[in-house]
Amino acid sequence: MRRLRTPRRPRLWFEILLIALSYWTYSLVRNAVPEQRGQALRNADWIWQAERQLGIAVEETVNHAVNSVTWLVVGMNYYYATLHFVVTLGVLVWLYRSHPGRYAATRLVLFATTGVALLGYYLYPLAPPRLMNGGRFVDTVMVHQTWGSMASGDLKNMSNQYAAMPSMHIGWSVWCGLTIFALASVPWVRVLGLAYPVLTLVVIVATANHFWLDAVGGVLCLAFGYAVARVWCGSLPYALPRVVPGGGGVRRRAWAPTRA
């Protein structure tokens, strides 16, 4: 397929402004979605029953097992609250510095993924397991009094409580993992890239913030993001040249490997 867009050197001031504006818009729209509590709880019951029929409803078991180990669950609370943003921004900075020719297309994947997720929040309000009726799940942040989520404790009124489907913790972490695995040259870094979304999946389930099927929704949103980038750029982002045509890339020696 003919490439529809020629990579250009990203401009730092524009990228900072774009990311800040995009995150502000994302937060505003996500939290402005009507909190349809009754429908969200009914949807959660339906998801739980569907998982039980599929034989994958082990979230409660994982949640209670991890909750019995205080240091582990507290660590997962902080993981959930921080790495979602820290790792994603870190990968964006790395792309900007080391892969300028692939930066815009790869960033487009992330933006398209997040954009379609907002539609999911609006059309399918879903309560996380910790808010289901019956109290079967443990809200690990509340129980251990740790700062683990804006959806619990004193900060719960600042965030939409019923935007669990799709999981952007999974959408963003799989994006990070695939990007690191595809472009990093150091083997152990590539392994860490693949391990990151797997560990994130364990964390979102163990802390009762998501069902397994929320993770499936996040992956489907990511697939949409890659499809958008494929159509817009004419190829997958990782197949684009590492440096920007015309000398806009990072200066490298001729014998250096193609990955960085």
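**Close-up views of a helical chain**

**View 1. Ala208 sits in the loop between H8 and H9.** The model shown here is predicted. The phi angle of Ala208 is near 65°. That value is positive, and the residue is not a glycine. Is Ala208 buried or exposed? Ala208 counts as buried, because its relative accessibility is 0% and the cut-off for burial is under 20%.

**View 2. The protein chain contains helices and no strands.** There are 9 helices and 0 strands. In sequence order the chain reads α-α-α-α-α-α-α-α-α. Of its 260 residues, 47% are buried. Which residues make most of the contacts with a separation of 6 or more? Residues 24 or more positions apart account for 84% of them.

**View 3. Helix H9 follows the Ala208 loop.** H9 spans residues 212-233 and has 22 residues. From first C-alpha to last, H9 reaches 32 Å. That is close to the 32 Å expected at 1.5 Å a residue. The buried residues of H9 include Asp214, Ala215, Gly217 and Gly218. Further along H9, Cys221, Leu222, Gly225, Tyr226, Ala229 and Cys233 are buried too. What covers these buried residues of H9? The cover includes H5, H7 and H8. Just after H9, Gly234 takes a positive phi of about 85°.

**View 4. Glu59 is buried without a salt bridge.** Glu59 lies in helix H3, which covers residues 59-67. The nearest side chain of opposite charge belongs to Arg52, 9.2 Å away. A salt bridge needs the charged atoms to be within 4 Å, so Arg52 at 9.2 Å does not make one with Glu59. What lies 2.9 Å from a polar atom of the Glu59 side chain? The backbone nitrogen of Trp212 does. Beyond four places in sequence, Glu59 is in contact with Trp48, Glu51 and Phe137, among others. Val205, His210, Phe211 and Trp212 are also among its contacts.

**View 5. Arg130 and Asp139 meet in a salt bridge.** The distance from N to O is 3.4 Å. How many salt bridges does the model hold? The count comes to 1. Both partners of the bridge are buried. Arg130 counts as buried because its relative accessible area is 9%, under the 20% cut-off. Asp139 counts as buried because its relative accessible area is 14%, under the 20% cut-off.

**View 6. A cis peptide bond lies ahead of H7.** The bond runs from Met165 to Pro166, with omega near 0°. Pro166 is in the loop between helix H6 (140-144) and H7. At the start of H7, a side-chain oxygen of Ser167 comes to within 3.4 Å of the backbone nitrogen of His169.

**View 7. Helix H7 is largely enclosed by the rest of the structure.** H7 covers residues 168-183. Its 16 residues reach 22 Å from first C-alpha to last, close to the 22 Å expected at 1.5 Å a residue. Why is H7 described as largely enclosed? Because 13 of its 16 residues are buried.

**View 8. His84 contacts residues from the start of H7.** His84 lies in helix H4, which covers residues 70-98. His84 counts as buried because its relative accessible area is 7%, under the 20% cut-off. Leaving aside neighbours within four places in sequence, His84 is in contact with Tyr79, Met168, His169, Trp172 and Tyr196. Its C-alpha is 8.9 Å from that of Ile170, although the two residues are 86 places apart along the chain.

**View 9. Val91 and Trp175 touch the most other members of the largest nonpolar core.** This core has 37 residues. Helices giving two or more residues to it are H4, H5 (100-123), H7, H8 (187-206) and H9 (212-233). Which element gives the largest share? H4 does, with 10 residues. In soluble globular proteins, nonpolar side chains tend to be buried together. Not counting residues up to four places away, Val91 touches Trp175, Cys176, Thr179 and Ile180. A second, separate core has 14 residues. Among its members are Leu41, Ala44, Leu126 and Ala164.

Technical notes
Residues are numbered from 1 along each chain as its sequence is written. This is a predicted model: local features need pLDDT of at least 70, side-chain atom pairs count only at pLDDT 80 or more; totals for chains, interfaces and linings use all residues. Side-chain values use heavy atoms; hydrogens and water are left out. Helices (H or I, at least four residues) and strands (E, at least two) are DSSP runs, numbered from the N terminus. Buried means under 20% relative accessible area, exposed over 50%, partly exposed in between (1.4 Å probe, protein chains only). Contact means heavy atoms within 4.5 Å. The expected span of a helix is 1.5 Å times one less than its number of residues. A polar contact is a pair of N or O atoms within 3.5 Å; within protein, one must be able to donate a hydrogen and the other to accept it, and residues adjacent in sequence count only if both atoms are side-chain atoms. A nonpolar core is a set of buried Ala, Val, Leu, Ile, Met, Phe, Trp, Tyr and Cys residues joined through side-chain atoms within 4.5 Å. Lys and Arg count as positive and Asp and Glu as negative; His and the chain ends are not counted.
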